[in-house]
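Here is a short report on a sheet, the helices against it and two pockets. Please look at the model first.

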Amino acid sequence: MNIDTTDNTVPVSVLGTGSYLPERVVTNDDIVARVPNTSAEWIETRTGILSRRYAAPDEAASDLAVHAARAALDQAGLTADRLGFVIVSTTTGDAPIPATASLVQRALGAHRAACFDINIACTGFVTALAVARAFVGLRPETKALVIGTDVYTRFVDFEDRATSVLFGDGAGAAVVGALPDARPGSERGFLDIELVSRGDAHELISMEAGGSRRPASAETVADGGHLLRMQGRGVKDFVLENVPGVLAGLIERCGYEASDVDHFVPHQANGMLVTELAAASGLDSAHTHLPLRHSGNIGSASVPVALDEANRSGALRDGDLVLLAGFGAGMAVGAGLLRWSATGRGI
């Protein structure tokens, strides 16, 4: 499903970004002490990850989200009471009920905002951007806060080196709104967004227990039903077989070629996989942003954390063509192409 832009649409873009990584740094050596049959060299060679962050015992997904949200609001020069929507992408929310977005709303004081969660794992942030863009397109005066936040380290199996070495915790956020002084039809902000779902491949990444099919019980805890399971080879094959075509279709539909893309901001699944994906997608000339070397795979937070790092480092310049890509459990793919507009206060 593609979410296209018409000539009458008010340009919608990212007005501010923010991110938060917990204080605790967990190195590959720390992982080796806990995960059997592995080494620091093996982890770095196979994943490109040197360290990741773990949430403190008293930190949950909403706590990380609030930190990232405040940073994004500050950069946008926006107070929380002006938000029309708070949309949180997470699969590791504080609890099944209420929505984590509601907890974020309370903490921020965004009392005018409608709040809800999106559960599409690592594709969720891009999907949430699509939803926010649609709302702003209908009501150009509104502003939406989109957050990706996950605490996967509470759900990994440290007996499984294929998954336990990858994941960290964190949150990233973006304020989405109409571009000030931009004329309808101008090529700024989001140009197009593509969302794809492949439920026939849902078994590749899962957390089997804790829902209505297998409610929490002593048995589900004992058999590891609440831990994250991932078929690494199957996930890699899915990504390399499906994502390049989605990206190519999106870029072509917007009237560009892969060589025109200035920045590639992908889900930080695995450094080696992302490098292969960029090459398979013809994005060799683009700057591929890979903060995962020091953050690991942080699920829904991966894309917004990478975007915030690129933004705050000054790498993203006004007018640059930026390609976002999320992919993961579901299975699902989400990609967005935008003409970057410099972010800053005074919106």
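Strands here are DSSP runs marked E of at least two residues, and they are numbered from the N terminus. The model is a predicted one.

**Pockets**

By that numbering, β10 covers residues 205-206. Both β10 and β6 supply at least two residues each to the lining of the largest pocket. Which residues lie nearest the centre of that pocket? They are T91, T92, N119, M207 and A209, out of a lining of 29 residues.

The second largest pocket is also lined by 29 residues. Closest to its centre are A162, L166, M230, G232 and N270. Several elements give two or more residues to this lining: α2 (40-47), α6 (161-164), α8 (232-253), α9 (271-280) and β14 (321-328). Which element gives the most to the lining of the second largest pocket? Helix α8 does, with five residues.

The table sets out volume and lining class for the two pockets.

| Pocket | Volume | Nonpolar lining residues | Polar lining residues | Charged lining residues |
|---|---|---|---|---|
| Largest pocket | about 850 Å³ | 14 residues | twelve residues | three residues |
| Second largest pocket | about 600 Å³ | 18 residues | six residues | five residues |

**Sheet**

Now the sheet. In what order do its five strands run? The order is β2-β8-β7-β5-β6, in an open sheet with mixed pairing. Strands β2 (12-20) and β6 (114-118) are the edges, each pairing on one side only. From one strand to the next, the twist averages 20°. Edge strand β6 thus has two roles, as it also supplies at least two residues to the lining of the largest pocket.

Inside the sheet, β5 (residues 85-89) and β7 (residues 144-151) run parallel. Five bridges join them. Within this pair, V86 stands opposite L145 in β7.

**Helices on the sheet**

Helix α4 (residues 100-108) packs on the sheet. It touches β5, β6 and β7. Its direction makes about 140° with that of β6.

Helix α11 (residues 302-312) lies across β2, β7 and β8 (169-178). What angle does α11 make with β2? It runs at about 100° to that strand. Strand β7 therefore meets both helices: α4 touches it, and α11 lies across it.

Definitions and conventions:
Residues are numbered from 1 along each chain as its sequence is written. This is a predicted model: local features need pLDDT of at least 70, side-chain atom pairs count only at pLDDT 80 or more; totals for chains, interfaces and linings use all residues. Side-chain values use heavy atoms; hydrogens and water are left out. Two strands pair if DSSP finds at least two bridges between them. Helices (H or I, at least four residues) and strands (E, at least two) are DSSP runs, numbered from the N terminus. Axes are lines fitted to C-alpha atoms, for helices over the stretch in contact, and angles run from 0 to 180 degrees between N-to-C directions. Contact means heavy atoms within 4.5 Å. On a 1 Å grid over the protein atoms alone, a cavity is a set of points where a 1.4 Å probe fits but cannot get out, and a pocket is an open set with protein on both sides within 12 Å along at least five of seven lines; lining residues have an atom within 4 Å of a point. Grid points are joined across faces, edges and corners, and a volume is the space filled by probe spheres set on the points. Ala, Val, Leu, Ile, Met, Phe, Trp, Tyr, Cys and Pro count as nonpolar, Asp, Glu, Lys and Arg as charged, and the others, Gly among them, as polar.
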